[in-house]
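Biologist: Please take one part of this model and go through it closely. I would like to know how the strands are put together and what the aromatic side chains do around them.

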Amino acid sequence: MISIFKRKPSALSKISKAEKKIVKAWCMYDWANSAFFTSVVSAIMPVYFVSLYRDELGSGFVVFNFQFSATVVWALTGALATFIIALSSPVFGIIADRSGLKKRLMTIFCIAGCLSTIMLFFTSYSSSPWLFSLIFYFLGALGATGANVFYNSLLPHIAPEDLLDDVSSRGYAYGYLGGGVLLFFHLVFLMFFDYSDLAIRSCIASVGLWWFGWALWTLIVVPEPTYEKTKKIGVIKSVTRAFAQIKKTGGEVKQFKMLLIFLIAFVIFNDAIATCLGIAGAYGLDVLRISPETSILTILIVQFVAVPGSFIFSSLAKRLGTIKSLSIAVLGWGFISILAVGFAPLELSDHSDFDYQLENEADRYEISTKPTLSDTNKIEIKWLEANSDYIIEDFILLPEASIFKNNFNLDNCIYSISFKDGPLDAQTAICENHPTFLNENIVDLWPKFLRYIVWAPLGINQDMQFLILGIGVGLVIGGAQALGRSLFAYMSPKSRSGEFFGFFSLSWRSISVIGPLTYAIVAGFSTPRTGLIFLVIQIFAGLYILKFVDVEEGRRVALEHDDKSFKVLE
């Protein structure tokens, strides 16, 4: 009798033990560096940075009517790191191909990123913690993204072409699991130490140690690719040849038409996806006002749901083809983003939900909770000027309390107030610009509609909405990233993998500057929800272009190119 539980053989069963060892070592780098993108970029660092930024600058500062909020500054910093890597990737890629330095360059970027991440432990000892943390986060991001360029370029060298989807998906699965495991311990550690500043900094620094420790497995085991038809040359000569080759490759783009169309589609939708991931933590904290615990828990959910999600899309690719499976993943991202635009905090009800919480004591009210105000933000400066008699001290007399309550009708007010006990017991006021107050403009109609028919009737607050988002993102994130990487590797000439992945990085990272910048500009002059709508449009635009890609034609051209002799100029 054949058991229904008979285990299917692994897709890697047909390769040798030595090759399996190399594949596993390659996947372990995803396990290693995903901790940076999980704990630092998405979960802990955005929340920590927002708190540091608010402590010193409140809601930020305004330049030419542009609001530099914590979310905007965070997005712009990520865009700058992306832009620098984009410009340098093609040069480094060509150098790696000509000099046999893929692993060495990967190691340099990896160590630089690890050290920068460890330096974040010393944030509180600096004169300007928010700026110190932003600088070393920026350097860490440079190291992480730079190392990934060479890590990705190793893929076609360690896996047969018919296993690219499986190995790429396996790598992302390792990454999600590794990042999730460390984030789980971070969450337990932070809860045990009540989210103290020392605990937060210790968790962030531990990412650098984790990243470097596990990366050693990859750097030791995975061999440097060699080319039978390519001789190695010196680094200095490679640099000069790299710039000449960039121009030459630009002229050869027409030969790889399908790869070019795929690249255009990928950079458009992946830019939007990357931007959504990059600003999610700060967006949730700054706009929806979710709790820090919810932000970290959501990222944790994404990590563990993404593990089976990656394998699901790998299996789907075998049934439907890589391009169709990738399209399904991108479509899923589009619908999830539309849902995210409709997230909205429920109307304030409990006393503890309000920004200003006043509690009665005899003939006065104690201001037990109040927001930190910026001395550079013009809106907050006006608010302080209009209410300095009421909010500078921690207590306010009864007659003044009533006057203070009426001031929540002032223009540009962004706060809420609630009274407990005494003559004003249970009285509240909410400004029209408060996050829970949805206006009648076209953008706010969607979250207002969802709050009316879904969130409020089911009692789903903004924290639960964010957790639902995490489940949805986890299901599709692995498919979009893993299949995109394997598809590019499949249609690229193996003999020039470093160069092509360098251009791959240049292309999508150059365009990826647009996503954060567009979001920051739109959010700065309008609202974060409006910025998110632009990202939704971008996702569907990339999905539309994807349908014009003929994968097999792209593969045929790559194989023809590899068959030709590849020579280095003397």
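Modeller: A good place to start is L358, which stands opposite I367 in strand 4. This is a predicted model, and what follows should be read as such. The pairing around L358 and I367 is between strand 3, residues 356-361, and strand 4; the two strands are antiparallel and share five bridges. They form a hairpin, with two residues left between the strands. In that turn, A362 has a positive phi of about 60°.

Strand 4 also pairs with strand 5, residues 395-397. This pairing is antiparallel too, over three bridges. Here Y365 can be picked out: its bridge partner in strand 5 is I396.

The side chain of Y365 takes part in a ring contact as well. A pair of aromatic rings is described by how far apart the centres are and by the angle of the planes. The search of the whole structure gives 35 aromatic pairs. Among them is the one between Y365 and F419, with 5.2 Å centre to centre and 75° between the planes. The pair counts as edge-to-face because its angle is over 60 degrees. Y365 belongs to strand 4, residues 364-369, and F419 to strand 6, residues 416-420. The two residues are 54 apart in the chain, so the pair links distant parts of it. Both Y365 and F419 are buried.

Other rings are joined into a cluster through ring pairs: Y356, W383, Y390, F404, F408 and Y415. One of these, Y356, falls in strand 3, which spans residues 356-361.

Elsewhere, two arginines lie over ring faces. R201 is over the face of F121, at 4.9 Å from the ring centre. R555 is over the face of Y490, with 5.1 Å to the ring centre.

Aromatic residues also appear on the surface. A nonpolar patch there is made of L331, F335, I338, W446, F449, Y452 and I453, which together have about 700 Å² of accessible area. Helix 11 (322-341) and helix 14 (442-458) are the elements that each give two or more residues to the patch. The most come from helix 14, which gives four. One patch member, I453, is placed in helix 14. I453 counts as partly exposed because its relative accessibility is 41%, and partly exposed runs between 20% and 50%.

How values were computed: Residues are numbered from 1 along each chain as its sequence is written. This is a predicted model: local features need pLDDT of at least 70, side-chain atom pairs count only at pLDDT 80 or more; totals for chains, interfaces and linings use all residues. Side-chain values use heavy atoms; hydrogens and water are left out. Patches are made of residues with over 30% relative accessible area and no salt bridge: like charges are joined within 9 Å, nonpolar side chains (Val, Leu, Ile, Met, Phe, Trp, Tyr) within 5 Å. Accessible areas come from the Shrake-Rupley method with a 1.4 Å probe; for residues, only the protein chains shown count as cover. A salt bridge is a side-chain nitrogen of Lys or Arg within 4 Å of a carboxyl oxygen of Asp or Glu. Buried means under 20% relative accessible area, exposed over 50%, partly exposed in between (1.4 Å probe, protein chains only). Rings of Phe, Tyr and Trp (its six-membered ring) pair if their centres lie within 6.5 Å; planes under 30 degrees apart count as stacked, over 60 as edge-to-face and the rest as tilted. A charge sits over a ring if NZ of Lys or CZ of Arg is within 6 Å of the ring centre and within 35 degrees of the ring normal. Two strands pair if DSSP finds at least two bridges between them.
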